[in-house]
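Work through the two exercises below with the model open. Each task is followed by a stepwise solution.

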Amino acid sequence: MKFATFVHDGKWQAGVVADDHVHPFQYPVELLDLIVEGEESLRREGENALAGSPSVPMAEVRLLPPLQPPTVRDYMTFESHVAGVARGYGDTVPEEWYAAPAFYFTNPYATIGAHDDVPVPPGCLRFDFELEVAAVIGKAGRDLTPEQAREHIIGYTILNDWSARDLQGREMRVKLGPAKAKDTATTLGPWLVTTDELEPHRDAEGFLDLALTVQVNGETIGRDRLANMAWTFEEMAAYASRGTWIRPGDVLGSGTCGNGGCLAELWGRNGALEPPPLIPGDNITMAVEGIGTLSNTVVEGVAPVPLPPARRRQ
C-alpha cells in the first residue's frame, strides 16, 4: 500500500493512494499514530479507506510529508558520492567510512511536501539537492541484528536533503555538523510505500534495486541504482539501534546516491561549480522506481539575522 498525508479543500487528511486517487481514512488520524499502533492496524485502516471512502484525484490535493518523524538520521552509504565530494577537497574516501554506516541527525521540524517550494537558506550562495531513499521504522527495538531489523522497517519514501554547501564547509571546519547547512528543508514523499510493495525489487544481497534519477529544470543531472548502497537498510537500522532505541516513525536516509545525486559530487569531479548552484526559479525533480516523484521549486529565502562574532577569551 501507499499512504499519503495531504490537504484537500483546506482540510488536513491522511489516506491510501491508488490509481492516481487518494482515499481518505474514515476518521481523522495521523499516519504516525497508525504506525505506532502497528502494521496490522495501519493495513486495516487502509483497507477500510479503499472499501468505504470516496476518493479524491491526486491533482486536487497538496501533498504533505507522509508523516512528521520524531527523528531523522541521514547516512552516507554511496561510495561514489563520498569519493566525488572528497575529490573536490583533494582527498579520497577515508578508511573509517568503510568501518560502519555513518550518519548525522537532521532537523525533523524542517520536513516539507513533495511539491512545496524550497527557500534558499539564509546567507547561502551554494545551494544543492541530495537524492536519497529513506526507510521508516514501524516498530521499536534496540541492539537489533540486521535480520531482526527487517521486521522493524514498515516502508520507504523519497528524501531530498537540501544542503547549503558553503555554510556546510564553514561549520564542519570546527569538527561539528552539518547543522545549519541542512536544517532549512528536507523533502519527504510523495508517500510512504509499504515494504511488501518493494520486495520484488530485492536482490540476492538484500538490497532494493531501484532506479534513481534527478533532473534540474528538465535536464537529467544524476542517475544511479539504490542497490549501489554499501549497506542495506536493515544493516543501517541495526547500527542505529546499537546501544539505544529506534522507534516508530524514525526516518533513516540512505545518503546521497552517486553519479550526480547532488551537485557537490559533480563539483568535486569537475573541479568547478558546474553545473551551477541552485538559484530561485530552479525546479528539481526526483524519481525513484516503485516509489514515486518529488518536484520542488527553489524560491528566495530571507537574509540572515546578524550575530556578533565570538568573544575571544584567550
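**Exercise 1: a helix pair**

Task: describe how helix α3 (residues 79-87) and helix α8 (residues 263-270) pack.

Solution. Step 1: their axes are 6 Å apart and make an angle of about 55°. That makes α3 oblique to α8, because angles under 35 degrees count as roughly parallel, over 145 as roughly antiparallel, 65 to 115 as roughly perpendicular and the rest as oblique.

Step 2: the crossing of α3 and α8 is left-handed.

Step 3: α3 contributes S80, H81, A83, G84, V85 and R87 to the contact, and α8 contributes A264, E265, G268 and R269. Contact means heavy atoms within 4.5 Å.

Step 4: the residues of this contact divide into three nonpolar, four polar and three charged. Gly counts as polar here.

The model is predicted: local features need pLDDT of at least 70, side-chain atom pairs count only at pLDDT 80 or more, and totals for chains, interfaces and linings use all residues. Residues are numbered from 1 along each chain as its sequence is written, and side-chain values use heavy atoms, with hydrogens and water left out.

**Exercise 2: a loop aspartate**

Task: place D116 and list its partners.

Solution. Step 1: D116 lies in the loop between β8 (111-112) and β9 (118-119).

Step 2: is D116 buried or exposed? Its relative accessible area is 13%, so D116 is buried (under 20%; exposed is over 50%).

Step 3: the side chain of D116 makes a polar contact (N or O atoms within 3.5 Å) with the side chain of R62, at 3.0 Å. The backbone nitrogen of G113 lies 2.8 Å from a polar side-chain atom of D116.

Step 4: leaving out residues up to four places away in sequence, D116 touches R62, L63, N296 and T297.

Conventions: Axes fitted to C-alpha atoms, helices over the stretch in contact; angles between N-to-C directions. Helix = DSSP H or I, 4+ residues; strand = E, 2+ residues; numbered from the N terminus. Left-handed = near helix turned anticlockwise from the far one by under 90°. Buried < 20%, exposed > 50% of the residue type's maximum accessible area, 1.4 Å probe, protein only. Polar contact = N/O pair within 3.5 Å; in protein donor to acceptor, adjacent residues only side chain to side chain.
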